[in-house]
Amino acid sequence: MPAPRKRKPTLDSVAEAVGVSRATVSNAFNRPDQLSADLREEVLRVARRLGYPGPNPVARSLATSRTGAIAFMLDTPLRAAFSDPALSITLDALSTEVDTEGYALLLLPGGDDGGPRADRVLAAQADLAVAYSLADGAPALKAVKQRRLPLVVIDQPVVPGAAVAGIDDRGGAAAAARHLLDLGHRRFGILSAQCLSAPRGGPLSLEEAVRSRFRDNRERMIGYLDTLSAAGIDPASVPIWETTGLSRTEAQVSARAVLETGPTAVLCMSDELAIATLAAAAELGLRVPADLSVIGFDDTAEAGWATPALTTVRQDLAGKGRAAGRMALDLLAGRPVKQPVVLDTELIVRGSTGPA
């Protein structure tokens, strides 16, 4: 005759063994600040001895109407997203911030629509959504609105009523262009991230360049072109190429095409694009900065490791992630949110720029 199955330990059995209430055991797992350190340790010790792992997260979700998760909506597939060091820094800072109150991130990868599929957002078990650099009009945004989820936007797009954490993209781009003008450069090229509705790569007209689906692309492009125009350079004379993605491998083809137009300076919308431009310059036998100046945007760790070290526009990527995380926690707790948060940028001059 088989032995009777041993009953699984429950919150009640832990409470009985310790000699405390059910609420005390629950607090030991969910609200440790409500107990003394010694009492909490005793509860957890007994729970371990009995084999009790803690409250069932599904039951807790049903009881509280909270999932404990935040949907993080990306504009690209995971392969492309995790090759972007700027995203990694921002995401790590946001995750660390929300983890302080027990929230986890649910990653929703994007696609050709400039964000996750709407049905993925509608099905996501999450209490709040964060939009990271989504395209204007991404279907995922309608799904967030349909579900009435609180929304935090990092960088873009503009969504009425959403909390926003971003940077001064236009000002940072203008500072990059002014730096190169001050060095005497008059022949420019611009390497842009994807602007249009389908990843194609190749040259962009001036009209296409300033009507990107992505707000940060538009702002940086306007910052570059307005500054060049103010210095007497016709924006229509500046070759502008978009890449098919953010990775260096994809960008290097477009970078080479820009360099073949003969600029003495290239403005790149990210450090990854700038590092790809350094590689393309080496292939063409161009010396940086003697023959060509290259400037990036972000100031990721890779910028300092590049050869030569990259002149770039620094944005506080970790600060932006922390700000978005605090906004998310405030919204979830029903606290007022200061918005928008717009962080300053800073020009960092290194070895990749020099006199014309």
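**Exercise 1. Describe the chain as a whole: what share of its residues is buried, and how many helices and strands does the chain have?**

Solution.
- Step 1. Of the 356 residues in the protein chain, 49% are buried. The model is a predicted one.
- Step 2. The secondary structure comprises 15 helices and 13 strands.
- Step 3. The C-alpha trace spans about 85 × 50 × 40 Å along its principal axes.
- Step 4. Take the contacts between residues at least 6 apart in sequence: 71% of them join residues at least 24 apart.

**Exercise 2. Classify the packing of helix H2 against helix H3 and list the residues that meet.**

Solution.
- Step 1. H2 covers residues 22-30 and H3 covers residues 37-50; their axes come within 9 Å and cross at roughly 95°.
- Step 2. Angles of 65 to 115 degrees count as roughly perpendicular, so H2 is roughly perpendicular to H3.
- Step 3. H2 contributes Thr-24, Val-25, Ala-28 and Phe-29, which meet Leu-39, Arg-40, Val-43, Leu-44 and Ala-47 of H3.
- Step 4. Sorted by class, this contact has seven nonpolar residues, one polar and one charged.

**Exercise 3. Place Val-43 in its surroundings. Is Val-43 buried or exposed, and which residues does Val-43 touch?**

Solution.
- Step 1. Val-43 belongs to helix H3.
- Step 2. Its relative accessibility is 0%, and buried means under 20%, so Val-43 counts as buried.
- Step 3. Leaving aside residues up to four places away in sequence, Val-43 touches Val-14, Val-18, Val-25 and Ala-28.
- Step 4. Val-25 is 18 residues from Val-43 along the chain, and their C-alpha atoms are separated by 6.4 Å.

**Exercise 4. Check the length of helix H9, then describe its contact with helix H11.**

Solution.
- Step 1. H9 runs over residues 169-182, which is 14 residues; from first to last C-alpha it reaches 20 Å, close to the 20 Å expected at 1.5 Å a residue.
- Step 2. The buried residues of H9 are Asp-169, Gly-172, Ala-173, Ala-174, Ala-176, Ala-177, His-179, Leu-180 and Leu-181.
- Step 3. The axes of H9 and H11 (residues 215-230) come within 7 Å and cross at roughly 35°. The crossing is right-handed.
- Step 4. On the H9 side the contact is made by Asp-169, Arg-170, Ala-173, Ala-174, Ala-176, Ala-177, Arg-178 and Leu-181; on the H11 side it is made by Arg-215, Asp-216, Glu-219, Arg-220, Ile-222, Gly-223, Tyr-224, Thr-227 and Leu-228.
- Step 5. The contact of H9 with H11 has eight nonpolar, two polar and seven charged residues.

**Exercise 5. Follow the chain beyond H9. Where does His-185 lie, and what does His-185 touch?**

Solution.
- Step 1. Just after H9, Gly-184 has a positive phi of about 95°.
- Step 2. His-185 sits in the loop between H9 and E6. Its relative accessible area is 2%, so this residue is buried.
- Step 3. Not counting residues up to four places away in sequence, His-185 touches Leu-180, Ile-233, Thr-264, Ala-265, Ser-293, Gly-354, Pro-355 and Ala-356.
- Step 4. His-185 and Val-266 are 81 residues apart in sequence, with a C-alpha to C-alpha distance of 10.0 Å.

**Exercise 6. Analyse helix H12: its span, its cover and its crossing with H13.**

Solution.
- Step 1. At 1.5 Å a residue the twelve residues of H12 should span 16 Å; the end C-alpha atoms are 15 Å apart, which agrees.
- Step 2. Buried in H12 are Ala-251, Ser-254, Ala-255, Ala-257, Val-258 and Leu-259. Their cover includes strands E6 (188-192), E7 (202-203), E8 (240-242) and E9 (265-268), together with H13.
- Step 3. The axes of H12 (residues 248-259) and H13 (residues 271-283) come within 8 Å and cross at roughly 60°. H12 is therefore oblique to H13.
- Step 4. The crossing of H12 and H13 is right-handed. Residues in the contact include Ala-251, Ala-255 and Leu-259 of H12 and Leu-273, Ile-275 and Ala-276 of H13.
- Step 5. The contact residues divide into nine nonpolar, two polar and four charged.

**Exercise 7. Locate the cis peptide bonds at Pro-289 and Pro-308, and compare the settings of Arg-148 and Asp-299.**

Solution.
- Step 1. The bond from Val-288 to Pro-289 is cis, with omega near 10°; Pro-289 lies in the loop between H13 and strand E10 (293-295).
- Step 2. Thr-307 and Pro-308 are also joined by a cis peptide bond, with omega about -5°. Pro-308 is in the loop between helix H14 (301-305) and strand E11 (312-315).
- Step 3. Arg-148, not a glycine, has a positive phi near 60°. Arg-148 lies in the loop between helix H8 (139-147) and strand E4 (151-154), and at 78% relative accessibility counts as exposed.
- Step 4. Asp-299 has a positive phi of about 65° and lies in the loop between E10 and H14. With a relative accessible area of 14%, Asp-299 is buried.

Note on methods:
Residues numbered from 1 in each chain as written. Predicted model: local features only at pLDDT ≥ 70, side-chain atom pairs only at ≥ 80, totals over all residues. Heavy atoms only, no water. Axes fitted to C-alpha atoms, helices over the stretch in contact; angles between N-to-C directions. Helix = DSSP H or I, 4+ residues; strand = E, 2+ residues; numbered from the N terminus. Parallel < 35°, antiparallel > 145°, perpendicular 65-115°, else oblique. Contact = heavy atoms within 4.5 Å. Nonpolar A, V, L, I, M, F, W, Y, C, P; charged D, E, K, R; others polar. Expected span 1.5 Å × (residues − 1). Buried < 20%, exposed > 50% of the residue type's maximum accessible area, 1.4 Å probe, protein only. Left-handed = near helix turned anticlockwise from the far one by under 90°.
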